[in-house]
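Open the model in a viewer and keep the sequence panel visible. The stops below say what to select and what is found there.

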Amino acid sequence: MKTKDILVIGTGISGLTFAIKVAEKNPTLSLTLISKGDMNEGNTRYAQGGIAVVQDLKRDSTAKHIEDTLIAGDGGCDPKVVTFVVEEANQRLTELINWGTSFDKKKEQLHLGKEGGHSEKRIVHYKDQTGKQIQDVLTEKVKSFPNITILENHTLVDLITDHHSPAEQNRCYGAYVISQEREEIIKITAKITVLSTGGAGSLYAHTTNPSVATGDGLGAAYRAKVQMDRLPYVQFHPTALKEKVNGNVFLITEAVRGAGAKLLNEKFERFMIKMDSRAELAPRDIVARGIQKEIQEQDADHVWLDGSEISEEKWKAHFPTIYKTCKSIGINLPKDYIPVVPAAHYFCGGIKVNEHSESQLKGLYAIGECSATGLHGANRLASNSLLEALVFAHRAAMDCIKSLNENLPDEDFYAALPEWDGDGYSKNYTIEKVHNLREQLQEIMTSYVGIFKTNEGLHKAENKINDIYLQVQQLYNQNKLTNGLSELRNMVSIAYLLTKQAQDITENKGVFYNQNYA
Ligand SMILES: Cc1cc2nc3c(=O)[nH]c(=O)nc-3n(C[C@H](O)[C@H](O)[C@H](O)COP(=O)(O)OP(=O)(O)OC[C@H]3O[C@@H](n4cnc5c(N)ncnc54)[C@H](O)[C@@H]3O)c2cc1C
């Protein structure tokens with residue numbers, strides 16, 4: 001395959017927006033876009049709540065949105081990043097609308113929802129299916145560019161770096177990728193590589209993320225010695241439906257609490273009011289801890305979400321997916337209470353990038369949930385992540401186009417980069433073995449590296465993860481690499497790094513909570 005100008009790994013909101021922006025700005029550039037499975041599968045399509053963008057200038061202002069973000073981030077945000085993200089929000093939203101994305105309206109104005117940690121209504125949304133709406137529109141649009149090649153069912157394994165080349169330039173030259181159809185690992189070379197691989201919720205037993213969210217971009221970057229920032233800041237969404245639906249955890253968006261739903265304990269008492277003056281609409285970390293504490297103290301396995309204040313018409317109009325999903329398992333809204341638990345939801349940390357989303361490895365950018373931009377600090381404010389993806393995809397696209405003018409290696413250099421070494425083995429481990437190790441890892445992370453941590457628990461987790469790591473290394477060294485094994489290899493590496501980093505944190509901030517420092 002001839003070297004491309006840009007290889008984009010991941011086709012959620014960040015990767016697609018980036019690709020569209022580059023293709024619109026410079027149609028002569030060649031791009032390859034890869035996704036691990038179907039190109040629509042990723043965190044983006046499950047986003048319910050919406051995008052935080054200041055609209056109602058009578059009540060709201062960018063200054064208020066900036067302040068809310070800084071408060072939620074609990075001292076960990078980079079104020080410069082917060083400021084430009086909030087200030088660029090309207091431009092990016094307008095582009096999204098111009099590309100064909102629909103958002104709910106009230107008369108001629110965009111309808112605005114309110115979510116935890118926001119002082120005003122500013123969540124722009126499409127019913128409770130904002131992510132799907134965006135994913136569908138961007139997918140359709142990206143397919144219209146002849147200079148973009150899309151490869152579905154292609155799994156990033158490792159980045160190609162100077163470690164693979166004699167030139168010692170300390171750059172990224174593309175990636176080794178499993179072609180699932182051909183059952184082989186191919187080399188895709190590119191002048192610039194962009195990681196937009198999303199989060200890693202699958203490290204935990206209970207997560208709102210789809211199963212593809214295994215932190216593959218993080219794992220590959222870690223092995224390439226790229227700096228990671230704030231990995232232990234994992235946000236747990238307070239309200240996931242307790243019962244899995246078709247094997248998946250189903251999220252009950254915060255907007256439902258914004259519309260008036262209340263949290264009740266086993267005795268049907270509101271408990272958040274005694275924990276925070278903002279009660280159910282306190283930032284996510286506080287509500288998630290409040291629920292977890294209540295569950296532990298009451299020896300329960302869930303709390304209740306009472307949505308009876310919301311009329312049936314409103315449920316159907318604003319939250320149709322939740323209404324239907326609940327009905328499908330016998331919960332009739334608004335009359336019945338919804339049993340909910342917290343679930344791993346969002347990685348605030350990731351690959352450390354600058355304000356153009358460039359990592360510390362030349363030629364490697366990271367955008368969207370796999371990056372750590374400085375926006376979220378110790379806790380992401382609700383509905384700021386789709387916004388972050390849009391703003392940084394734009395910034396990265398503009399920066400990449402410029403940096404392609406730099407003096408880069410020629411085609412002979414890329415052609416000489418080695419092919420993947422290791423296809424000689426045949427697969428001889430069982431799929432169950434990989435599955436069991438994945439489940440063991442998820443149990444360890446949930447028990448010891450979840451909402452409440454302790455020093456002893458983290459130490460135990462480190463040893464247990466190390467055992468799994470050694471088993472995975474053995475499988476990796478002796479077998480042909482498959483999608484499942486590659487995912488497990490990334491999960492165990494990131495679990496280990498996260499647990500190590502967590503032991504260095506001695507102060508509780510935002511989503512990070514170690515009981516020894518309470
Ligand atoms: C249930 C849910 C609700 C949410 N609600 C909101 C909300 O209301 N507002 C908000 O702002 N945020 C919300 N979020 C968070 C937000 O949706 C995500 O942070 C955002 O969509 C991430 O976009 P992304 O482009 O970074 O990654 P994703 O959309 O996750 O896309 C990742 C892509 O990477 C690909 N990929 C992964 N690994 C590999 C590999 N090894 N090889 C090749 N490709 C790979 C996947 O195939 C996929 O295409 C929600 C998240 C969830 C899970």
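The tour of this predicted model goes from a strand and its partners to a sheet and then to the ligand.

**Stop 1: strand β16.** Select residues 338-347, which form β16. Is this strand enclosed or open to the outside? Of its 10 residues, 9 are buried, so the rest of the structure largely encloses β16. A residue is counted as buried here when 20 or more other C-beta atoms lie within 10 Å of its own.

**Stop 2: the partners of β16.** Add residues 234-241, strand β13, which pairs with β16 in the antiparallel sense over 6 bridges. To find the register, show Gln 235 and its bridge partner in β16, Tyr 346. Next add residues 303-306, strand β15, which runs antiparallel to β16 and is joined to it by 3 bridges. Here Leu 305 stands opposite Ile 338 of β16.

**Stop 3: a sheet of 3 strands.** Now select β3, β7 and β6, which form an open antiparallel sheet in that order. Its edge strands are β3 (51-52) and β6 (112-113), each paired on one side only. Between β6 and β7 (residues 123-124) there are 2 bridges, again antiparallel. One bridge to label is that of Gly 113 with Ile 123 in β7.

**Stop 4: the ligand.** Select the ligand and the 42 residues around it. Which of them come nearest? They are Gly 10, Gly 12, Gly 42, Gly 198 and Gly 368. Color the shell by class to see 13 nonpolar, 25 polar and 4 charged residues. Finally, highlight α1 (13-25), α4 (130-142), β9 (154-161) and α10 (385-403): each supplies at least two residues of this shell.

How values were computed: Residues are numbered from 1 along each chain as its sequence is written. This is a predicted model: local features need pLDDT of at least 70, side-chain atom pairs count only at pLDDT 80 or more; totals for chains, interfaces and linings use all residues. A residue is buried if 20 or more other C-beta atoms lie within 10 Å of its own, exposed if 12 or fewer, and partly exposed in between; C-beta atoms are placed from the backbone. Helices (H or I, at least four residues) and strands (E, at least two) are DSSP runs, numbered from the N terminus. Two strands pair if DSSP finds at least two bridges between them. A residue is near a molecule or strand if its C-beta atom, placed from the backbone, lies within 6 Å of it. Ala, Val, Leu, Ile, Met, Phe, Trp, Tyr, Cys and Pro count as nonpolar, Asp, Glu, Lys and Arg as charged, and the others, Gly among them, as polar.
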